[in-house]
Structures are given as structure tokens and as C-alpha cells.
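Trainee: I'm new to this one. Can you walk me through it?
Mentor: Sure, let's look at it together.

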Amino acid sequence: MASQNNQNVFIEVKDHSVSGEVFKLIENKTYGYLETIPKPTLDKLPEYYKTEDYISHTDSKRNLLENVYHAVREIALKRKLKLIDSFQTNDKYVLDYGCGTGDFLKTALNNGWHVSGIEPNEEARLIANQKTKNAVLDLSQIKTLKTQSFDVITLWHVLEHIPNLEEQITLLKTLLKPNGVLIIAVPNYNSYDAKHYKQFWAAFDVPRHLWHFNQTSISNLFKTVNLNVQFTKPMLFDSYYVSLLSEKYKSGRMNIFKAFWIGCVSNFKARSSGQYSSLIYTLKTAKK
């Protein structure tokens with residue numbers, strides 16, 4: 001773990017969603033990710049998710065932000081399905097870790113995949129199970145899953161939330177078939193929109209996001225379990241959505257046109273740098 005001294009403080013960020021508390025992001029010199037300090041204890045962490053604004057745990061469409069989120073999600077689901085369908089597998093077993101309300105699993109199920117999910121939030125899990133024929137388990141049940149049983153394991157904006165990071169990565173590796181694919185989607189703190197909004201960048205989302213990644217840190221972290229990054233894909237809509245929310249944090253209002261402009265600039269600059277607001281990483285076991 002990174003030492004908690006001032007020279008390693010990358011930035012200080014406020015929890016804009018729930019508590020209003022301020023957290024430090026400390027750079028981990030070993031892997032290259034940023035670490036939220038102080039971390040909430042495991043018993044206190046659920047308190048920071050108790051807000052009606054936490055969209056991934058609800059299917060509600062009460063305002064502009066939620067409607068934008070759900071409209072984009074429909075497009076994203078088709079792209080996610082296309083990605084997992086691109087891998088050559090006969091059995092088509094997929095595990096979605098942190099599946100939220102289960103929309104990705106429902107899409108996969110309707111397209112011939114055998115689906116399983118893990119979701120710690122009880123309300124989201126109940127919704128997900130209604131969509132997936134009760135295929136979603138609580139986090140405490142993950143060790144009941146058979147080792148080397150999944151062709152694809154996905155974590156869509158979930159890795160940054162996991163408290164016991166190294167333990168869970170090791171566990172996920174054991175659940176993956178020898179030729180299986182691990183798919184990780186996370187925000188990228190080296191993106192243009194992150195550097196533009198700084199402490200107001202919505203994808204820092206402290207303290208729910210315990211870790212903050214760039215491309216180097218993902219590569220370094222997963223090498224510890226013998227998984228190598230095969231390729232990355234951008235999540236182009238994230239720069240717009242994150243910028244919209246960042247504008248709200250910064251100025252108190254959405255500033256739709258400004259947010260759209262920053263999202264465009266971020267994606268344009270990333271065409272040459274590869275530093276998109278969020279990235280999808282596909283990882284496979286390193287060949288000996």
C-alpha cells in the first residue's frame with residue numbers, strides 16, 4: 001500500500017453525492033493507481049451508497065441525468081453483447097461481477113448465454129433476479145461458484161468499488177477458464193476530462209470509488225495474477241455523461257452545452273493519445 005504522506009497526495013476530492021466529506025487520493029508507487037484515503041470500514045461503506053442518485057442500483061428515470069443514463073445504457077448493452085460474442089467459445093458461460101439491476105445479464109441471457117451474477121446491493125439484486133431467472137448471488141456466495149467455469153467474466157465499472165482488491169482479483173482468476181477472457185471497464189484518471197475538471201471530476205466518486213486507474217496500473221495489477229491486457233476499447237459516451245455530472249458538481253447546474261463540448265474535446269484528444277474517459281480492458285492468461 002502507498003504511504004500516507006503529503007508528497008504522495010495526488011489530489012483532494014469531496015464526496016458530492018452523500019456525505020460532503022473530503023478524501024485524499026494517494027498514488028500507489030507499486031501499481032500506479034490512486035487510492036482513496038481514508039477508506040470507509042466495511043461496515044460503514046454501504047452508508048455511502050444510500051442515495052436515490054446512485055443510478056446503477058435503480059431503474060428509475062426521474063430527471064434528465066437519469067434519462068440520459070438509461071438511453072446511453074441501451075446502446076452500451078448492444079456493444080457489450082457484441083464484444084462478448086466476438087470471443088470464440090462453445091459453452092458461453094458469463095459471470096457479471098457487480099451486475100447492478102441485471103440489464104447486461106438479461107441481454108446476454110436473451111442471446112444464448114448461460115448467465116451468473118454477483119451483486120452486493122440487496123435491492124439491485126432483487127431487480128436483477130427478476131430479469132435473469134434468479135441467476136444473481138450475493139457477494140458472500142461467490143465462493144460457491146465452481147472454479148474454471150466461466151468463458152467470460154465482466155466487471156463494468158465495478159473494480160474501482162472493490163474493498164479487498166487483490167483478494168478478489170485472485171478469486172476471479174480461479175473462476176475463469178484457462179482460455180477465458182476477463183473484461184474490465186473503469187474510468188481513466190489520465191483522460192482530458194479528468195484533468196480539466198480536477199477535484200470536480202465525477203468519476204473520482206469518492207469514497208465509493210476506492211481505487212482510480214490508468215492504463216499502466218491495470219496492466220501492472222493484473223500481471224500479479226498472470227493476466228495480460230490483450231486490447232482496450234473506449235467507452236465514448238462516458239466523457240459526456242461524466243462531464244455533465246462534473247459540471248453539476250463544479251457550478252451547481254448541468255451546463256449541458258459546456259459538458260458536451262468538454263466531452264467532445266476529451267474524445268478528440270484521446271484519438272491520438274488513447275486516454276479516453278473510460279476504457280474497456282480485455283485480459284487473458286499470459287502464455288508460458
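**A walk through the model**

Mentor: Start at Gly252. This residue comes right after H7, and its phi is positive, near 90 degrees. Helices here are DSSP runs of H or I with at least four residues, strands are E runs of at least two, and both are numbered from the N terminus.

Trainee: What kind of model is this, and how are residues numbered?
Mentor: It is a predicted model, with residues numbered from 1 along each chain as its sequence is written; local features need pLDDT of at least 70, side-chain atom pairs count only at pLDDT 80 or more, and totals for chains, interfaces and linings use all residues. Side-chain values use heavy atoms, with hydrogens and water left out.

Trainee: Back to H7. How many residues has it, and how far does it reach?
Mentor: H7 covers residues 238-251, so to speak 14 residues, and reaches 20 Å from its first C-alpha to its last. That is close to the 20 Å expected at 1.5 Å a residue. The expected span is 1.5 Å times one less than the number of residues.

Trainee: Which residues of H7 are buried?
Mentor: Among them are Asp238, Val242, Leu244, Leu245 and Tyr249. Buried means under 20% relative accessible area, with a 1.4 Å probe and protein chains only.

Trainee: And H8, how many residues there?
Mentor: H8 (residues 256-273) has 18 residues, which should span 26 Å at 1.5 Å a residue. Its end C-alpha atoms are 25 Å apart, which agrees. Its buried residues include Ala259, Ile262 and Val265.

Trainee: What covers the buried residues of H8?
Mentor: The cover includes helix H5 (192-197) and H7. Contact here means heavy atoms within 4.5 Å. After H8 comes Gly274, with a positive phi near 80 degrees.

Trainee: Switching to strands. In what order do the four strands of the open sheet come?
Mentor: The order is E1-E2-E3-E9, with antiparallel pairing. The edge strands are E1 (9-14) and E9 (211-212), each pairing on one side only. Two strands pair if DSSP finds at least two bridges between them.

Trainee: How many bridges join E2 and E3?
Mentor: Four, between E2 (residues 22-27) and E3 (residues 34-37). Lys24 stands opposite Ile37 in E3.

Trainee: What about E4, how many of its residues are buried?
Mentor: Four of the five residues of E4 (residues 93-97) are buried, so this strand is largely enclosed by the rest of the structure. E4 pairs with E5 (residues 114-118) in the parallel sense over five bridges. Val94 stands opposite Val115 in E5.

Trainee: Where is Asp151?
Mentor: Asp151 is in strand E7 (residues 150-156). It counts as buried because its relative accessibility is 10%.

Trainee: Which backbone nitrogens does the side chain of Asp151 reach?
Mentor: A polar atom of that side chain lies 3.2 Å from the backbone nitrogen of Lys92. The side chain of Asp151 also reaches the backbone nitrogen of Tyr93, at 2.8 Å. Leaving out residues up to four places away in sequence, Asp151 also touches Leu176 and Val181, among others.

Trainee: Zooming out, how many helices and strands are in the protein?
Mentor: Eight helices and 11 strands. Buried residues make up 51% of the 288 residues. Along its principal axes, the C-alpha trace spans about 50 × 45 × 40 Å.

Definitions and conventions: Buried < 20%, exposed > 50% of the residue type's maximum accessible area, 1.4 Å probe, protein only. Polar contact = N/O pair within 3.5 Å; in protein donor to acceptor, adjacent residues only side chain to side chain.
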